[in-house]
Amino acid sequence: MVTEESRKRTAYAGKLGFSMRRRVREKCIEAMLFASAVLSVAIMLAIVVMLVRESIVFFQHVSIWDFLTDTEWTPLFDNAHYGILPLISGTVVSSLIALVVALPLGTIIAIYLSEFAPFAVREIAKPFLELLGGIPTVVYGYFALLFITPLLQSVLPELPGFSLLSAGLVMGIMIIPYVSSMTEDAMRAVPMNLREGSYAMGATRLQTALRVVMPAAFSGIAAAYILGISRAVGETMVVAIAAGMQPNLTWNPMEPAATITAYIVQVSLGDLPHGSIGYQTIFAAGLTLLLLTLVFNIIGHILRKRYREIY
Amino acid sequence: MISGILALMIAVLTFIALFAHMVLDGAPRLTWDFFTSFPSRRAESAGILSAWVGTTLVMLVTAFSAVPLGVAAGVYLEEYAPKNWLTEIIEINVTNLAGVPSIIYGLLALGMFVYQLGFGQSILAAGLALALLILPVVIVATREAIRSIPVAIREGAYALGATKWQTVSDHLLPYSSAGILTGIIIGLARAIGETAPIITIGALTFIAFLPPSPIESEFPFVSFEWLSAPFTVMPIQMFNWVSRPEEAFQLNAAAAGLVLVVMTLAMNGLAIYLRYRMRKNIKW
């Protein structure tokens, strides 16, 4: 016979089981979510491990000193040389050209949109710039090779069909949206009363923008610039298409040359056997590239963190 | 003021020049045959059939792996994560991953998916490589969408006895779905145009066959053989045509580029529209 007492007891036990199951389920779900979040760290570790492991094998064949000082990069020739300098010079020259285009234009656009533009213009221009940033890089490469290069050749007849100049210019246009949107965000985060104070002292809009808002947003703007640099250094398709893929130690933008990224593309297009020294070179090149961009990203991160703390 | 408009004009004009140049060169090639033919040695009869099929299948893999992982990581970081050094590391790491050049993801995929795990130069390897690439985009979008939900909603749910996961799955995720969707679309639009990682994996450019169909007429009706098939994608096909010296192939490149740009513009446009509507319809 079921007494009142025992019925109460089973009900209580049921409730206890329910809350136990509920707690276990909660913990399981939390563990799964945590695993997904930790995956991002695992990816970073996997990248580093993969690049370092193949690079170690590479550096058993080639001394680091040769890698850093040899002026020729011809790993696939019979008389192989493994000097990263020609690839670095190509990367530096094309990135510099890109930055000369992107930083001033991006900053001017940001100042205009943040301080001068009427609401309607900003509402149209911002999504437009965003669309511009979404165009695939291979399309920009096509544009550089088949539109900008012929255009430049009509002004500079001696320009070859592949050049760092046209690749760099297009790369610059390509990263304008990144620079302008981050710079604008930084400037808009500057509190209104700073501007009002400046206007009250009789400053013009331009004076306010240049001497009050920009200094106040300095670290945010610097972070935007640094991310732009890291973007230019890591950009692949534009240089692979428009700058040629011949390693060439030069500082002259009118010459064709290969960047680190273009070299990786060139090797990948061929059919290199897994485990050969040629296969390992792209990992050594990749490691160099990762270190370069990582340094820029960390500086950018530190700057952004500092600027967040100001207000 | 004037220089601001000028700078903006330079960006606008470049875009117009880019688009006009591609339309002039590519539009005549955009016939029905272009979409239904395989690549060919003769430029006039070459098409993008294997490329767009490849792109579609690779995107399926990317979406199915990046979306659950990215949303889960975003939810964890925003709702569950305690404030400690581990969380700090994860957060810095997500920012860093977003700044890693795409070709590095290609090298990771080459070493890990293609050789270590033995996936070969397949759709699966490419889809996973692109998934890793857009993971930070999905994570950041999820976090921002969830963060914009007022605390009152969470408190209301807890007050009624809801557990954390019930609050997340019944309230936070539905309310932030539009924002998360925007992030997913932007991520996929980026993945569609990515060329470098897929070249690194070693995608073939001349593919005159389709991968095995994912849908079969016999039981169990779905097949996953296509995952391990060799493939090509739109940007690779375009890159291949651009790098040929013959002008006829460059016209093909323009046409393929046009399709690619229209695809990414449409996706990004959709994302911008969604965000705009979201901002207008917000109720709290």
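**Questions about a predicted two-chain model**

Biologist: What is the mean pLDDT of chain A, and what share of its residues reach 70 or more?

Modeller: This is a predicted model, and for chain A 93% of the residues reach a pLDDT of 70 or more. Among the elements of chain A, α2(A) has the lowest mean value, 81, while helix α7 (residues 192–200) has the highest, 91. Averaged over chain A, the pLDDT is 85.

Biologist: Which element of chain B has the highest mean pLDDT?

Modeller: Chain B as a whole has a mean pLDDT of 85, with 93% of its residues at 70 or more. Among its elements, helix α2 (residues 32–36) of chain B has the lowest mean, 78, and the highest, 92, belongs to α6(B).

Biologist: How many helices and how many strands does chain B have?

Modeller: Reading along the sequence of chain B, one meets the pattern α-α-α-α-α-α-α-α-α-α-α. The C-alpha trace of this chain spans about 70 × 60 × 40 Å along its principal axes, and 47% of its 284 residues count as buried. The secondary structure of chain B therefore comes, by runs of at least four residues for a helix and at least two for a strand, to eleven helices and zero strands.

Biologist: How many residues of chain A are in contact with chain B, and which helix gives the largest share of that side?

Modeller: The contact between the chains takes 66 residues of chain A and 66 residues of chain B. On the side of chain A that touches chain B, the residues divide into 46 nonpolar, 15 polar and five charged. The largest share of that side, 20 residues, comes from helix α1 (residues 4–61) of chain A.

Biologist: How far apart are the C-alpha centres of domain 1 and domain 2 of chain A?

Modeller: Chain A is divided into domain 1 (4–61) and domain 2 (85–308). Their contact takes seven residues from domain 1 of chain A and eight residues from domain 2 of chain A, and the domain 1 side divides into four nonpolar, two polar and one charged. Between the C-alpha centres of these domains the distance is 39 Å.

Biologist: Which residues touch the most other members of the largest nonpolar core?

Modeller: This core holds 186 residues, and its largest share, 18 residues, comes from helix α6 (residues 123–147) of chain B. At least three residues are also drawn from each of domain 1 (4–61) and domain 2 (85–308) of chain A. The residues that touch the most other members are V170(A), V238(A), A109(B) and A129(B).

Biologist: Is I84(A) buried or exposed?

Modeller: I84(A) lies in the loop between α2 (64–69) and α3 (85–116) of chain A, where, leaving aside residues up to four places away in sequence, it touches F67(A), L68(A), W73(A) and T288(A). A residue needs 20 or more other C-beta atoms within 10 Å to count as buried. Because I84(A) has 21 C-beta neighbours inside 10 Å, it counts as buried.

Biologist: Is L156(A), which also lies in a loop, buried or exposed?

Modeller: The loop that holds L156(A) runs between α5 (137–155) and α6 (164–188) of chain A. The C-alpha atoms of L156(A) and M254(A) are separated by 9.4 Å, although these residues are 98 positions apart along the chain. A residue with 12 or fewer other C-beta atoms within 10 Å is exposed. L156(A) has 10 such atoms, so it is exposed.

Biologist: Why do the buried residues of α8(A) lie on the same side of the helix, and what arc do they cover?

Modeller: In helix α8 (residues 205–216) of chain A, the buried residues are A209(A), V213(A), M214(A) and A216(A). What covers them includes α3, α6, α7 and α9 (218–234) of chain A, whereas the face turned away from the buried side carries the exposed residues R211(A) and P215(A). The buried residues lie on the same side of α8(A) because the arc they cover around the axis is only 140 degrees.

Biologist: How many of the ten residues of helix α11 of chain A are buried?

Modeller: Helix α11 (residues 260–269) of chain A is mostly covered. Its buried residues include I260(A), Y263(A), I264(A) and V267(A). Of the ten residues in this helix, the number buried is eight.

Methods
Residues are numbered from 1 along each chain as its sequence is written. Chains are lettered from A and ligands numbered from 1 in the order in which they are written. This is a predicted model: local features need pLDDT of at least 70, side-chain atom pairs count only at pLDDT 80 or more; totals for chains, interfaces and linings use all residues. Two residues are in contact if their C-beta atoms, placed from the backbone, lie within 7 Å. Domain bounds come from an automatic or database domain assignment. Ala, Val, Leu, Ile, Met, Phe, Trp, Tyr, Cys and Pro count as nonpolar, Asp, Glu, Lys and Arg as charged, and the others, Gly among them, as polar. A nonpolar core is a set of buried Ala, Val, Leu, Ile, Met, Phe, Trp, Tyr and Cys residues joined through C-beta atoms within 7 Å. pLDDT is the predictor's confidence in each residue, from 0 to 100. The arc is that of the directions from the helix axis to the C-beta atoms.
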